[in-house]
Amino acid sequence: MKKAIIFLLITGVFSAFYGCKKQHAYSALIVTGQNNHNWKASSRILKQLLDQTGLFSTDIIETPAAGKDMTSFAPDFQKYDVVVMDYTGDSWSDKTKSSFEEYIKAGGGLVIYHAADNAFPEWKAYNEMIGLGGWGKRNEKDGPYIYMKKDSLITDTTAGPGGSHGKRHEFVVKVRNEEHPITKGLPKKWLHAEDELYSQLRGPGKNMEILATAYADTAQKGTGRDELVLFTVTYGKGRIFHTVLGHAGNDTTAFPAMECQGFITTFQRGAEWAASGVVTQTVPEGFPNAAGVVQLENYKPLTLEQLMRNVENYDIAKSRKYFYDLQSRIRSSDRTPATLLSFEKLIVKSLKKKSVSADAKRLLIKELSWMGSDYSISVLKDMQKETELKDEAQFALARLESK
Ligand code: ZN
């Protein structure tokens with residue numbers, strides 16, 4: 001009886017993992033395809049950052065190129081919990097714009113990333129969603145400048161262009177709201193890696209909650225004001241997280257602003273909040289403080305070997321992200337027998353290690369039960385002898401032997 005229940009439970013977990021497409025908590029859509037930035041690199045990095053939380057399955061959609069007919073660009077926004085805008089370029093069709101507005105109004109999530117707040121100066125609803133924007137001939141007709149001076153929020157209707165930045169430099173980000181789910185638990189101040197500090201943004205600025213500012217130092221040709229760098233906007237029932245951080249230049253090897261742990265963590269937390277209204281991710285131990293930048297040089301995916309080391313150290317209470325990362329690599333591979341066997345060999349190697357936790361081994365055995373081959377049989381037979389692994393091993397053996 002007990003075994004049957006366990007079998008059913010495990011099978012249930014399996015169907016959840018493999019039976020349906022949506023195995024993650026949230027689905028995300030990154031919109032890109034035109035930008036005055038290196039959008040090919042930035043969209044790839046943003047996807048990686050979302051995927052690494054273990055919370056998102058992420059699609060990237062590219063619009064037609066600049067100047068081309070945009071009518072074919074008509075994503076089904078409703079399918080997603082959050083849309084991440086890495087786009088500034090040609091206007092969308094009226095139909096796509098209204099489906100986007102309806103999606104947000106009805107409670108969709110939106111992340112406005114860096115130059116996405118340069119987009120669509122003429123689209124009223126979009127400007128309400130972003131709260132503040134820059135460039136695109138924005139000026140006093142688009143709303144006031146909004147910034148902080150000392151500890152006061154200033155709404156400044158002075159005439160003038162919207163959008164500027166001084167030299168690229170490292171700057172201190174100051175948290176202004178320690179209770180918001182996105183910023184809760186972050187140090188009060190942290191040093192952000194070299195980036196553009198967007199300044200003189202202007203817009204309707206309605207329904208905003210300010211999370212963090214940064215002082216635009218006049219020594220760096222800045223405004224001498226505390227500019228808003230992280231904030232949220234409510235539009236209808238929609239939740240919008242706006243980060244002006246994360247400039248991606250055309251140097252294809254270094255993306256300091258996106259490799260900054262401060263950017264990474266706030267982006268990941270902001271995306272989760274936009275998708276759901278809550279943040280479950282913990283602030284990483286290596287989060288920077290005001291004394292120094294924490295930069296993950298040449299931010300790129302872990303090698304498979306590094307990933308396996310992380311899976312081996314899996315702690316069920318902490319995070320599933322490495323295991324999800326492994327799963328998604330297996331599933332997004334070409335899945336030929338040779339490829340699957342190479343994954344299988346790595347998994348078997350980990351299973352044979354005494355130092356690897358039972359939690360980690362149980363997950364790896366489950367993985368083997370669908371993608372394994374005869375290669376795993378003998379190690380699974382050994383696992384059957386271990387009380388903690390017996391049920392999973394028997395289940396996997398039954399599946400592999402019936403293949
Ligand atoms: Zn930029």
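In which kind of crossing, left-handed or right-handed, does α7 pass α9? The last view gives the answer. Every panel shows a predicted model.

**View 1. The zinc ion and its protein donors.** Four residues supply the donor atoms: His37 through NE2, His114 through NE2, Glu196 through OE and His247 through ND1. These atoms lie 2.0 to 2.2 Å from the zinc ion. Along the sequence, the donor residues follow the spacing H-x76-H-x81-E-x50-H. His37 sits in the loop between β1 (26-32) and α2 (39-52), and Glu196 sits in the loop between β8 (189-195) and β9 (208-215), so this pair ties together parts that are 159 residues apart in sequence.

**View 2. Angles at the zinc ion.** The four donor atoms subtend angles of 92 to 159° around the metal. Four donors count as tetrahedral if all angles lie between 85 and 135 degrees. The range of 92 to 159° makes this arrangement irregular. For reference, the ideal angle for four tetrahedral donors is 109.5 degrees.

**View 3. His37 and its surroundings.** His37 belongs to the loop between β1 and α2. Its relative accessibility is 10%, so His37 counts as buried; the cut-off is under 20%. Glu196, another zinc donor, is also buried, with a relative accessible area of 5%. Leaving aside neighbours within four places in sequence, His37 is in contact with His114, Ala115, Glu196, Tyr198, His247, Ala248 and Asn250. Among these contacts are the zinc donors His114, Glu196 and His247. Thr88 is 51 residues from His37 along the chain, and the C-alpha atoms of the two are separated by 9.0 Å.

**View 4. Helix α2 against helix α6.** Helix α6 covers residues 261-276. The two axes come within 10 Å and cross at roughly 70°. Angles of 65 to 115 degrees count as roughly perpendicular, and α2 and α6 are therefore roughly perpendicular to each other. α2 passes α6 in a right-handed crossing. On the α2 side, the contact uses Leu46, Leu49, Leu50 and Gln52. They meet Phe263, Ile264, Phe267, Gln268 and Ala271 of α6.

**View 5. Helix α7 against helix α9.** α7 spans residues 304-312 and α9 spans residues 337-351. They pack at an angle of about 40°, with axes 11 Å apart. That angle makes α7 oblique to α9. The crossing of α7 past α9 is right-handed. α7 contributes Leu304, Glu305, Met308 and Glu312 to the contact. From α9 come Phe343, Leu346, Ile347 and Ser350.

How values were computed: Residues numbered from 1 in each chain as written. Predicted model: local features only at pLDDT ≥ 70, side-chain atom pairs only at ≥ 80, totals over all residues. Heavy atoms only, no water. Donors = N, O, S within 2.8 Å, 3.2 Å for Na, K, Ca; no water. Tetrahedral: all angles 85-135°; square planar, octahedral: opposite > 155°, others 65-115°. Helix = DSSP H or I, 4+ residues; strand = E, 2+ residues; numbered from the N terminus. Buried < 20%, exposed > 50% of the residue type's maximum accessible area, 1.4 Å probe, protein only. Axes fitted to C-alpha atoms, helices over the stretch in contact; angles between N-to-C directions. Parallel < 35°, antiparallel > 145°, perpendicular 65-115°, else oblique. Left-handed = near helix turned anticlockwise from the far one by under 90°. Contact = heavy atoms within 4.5 Å.
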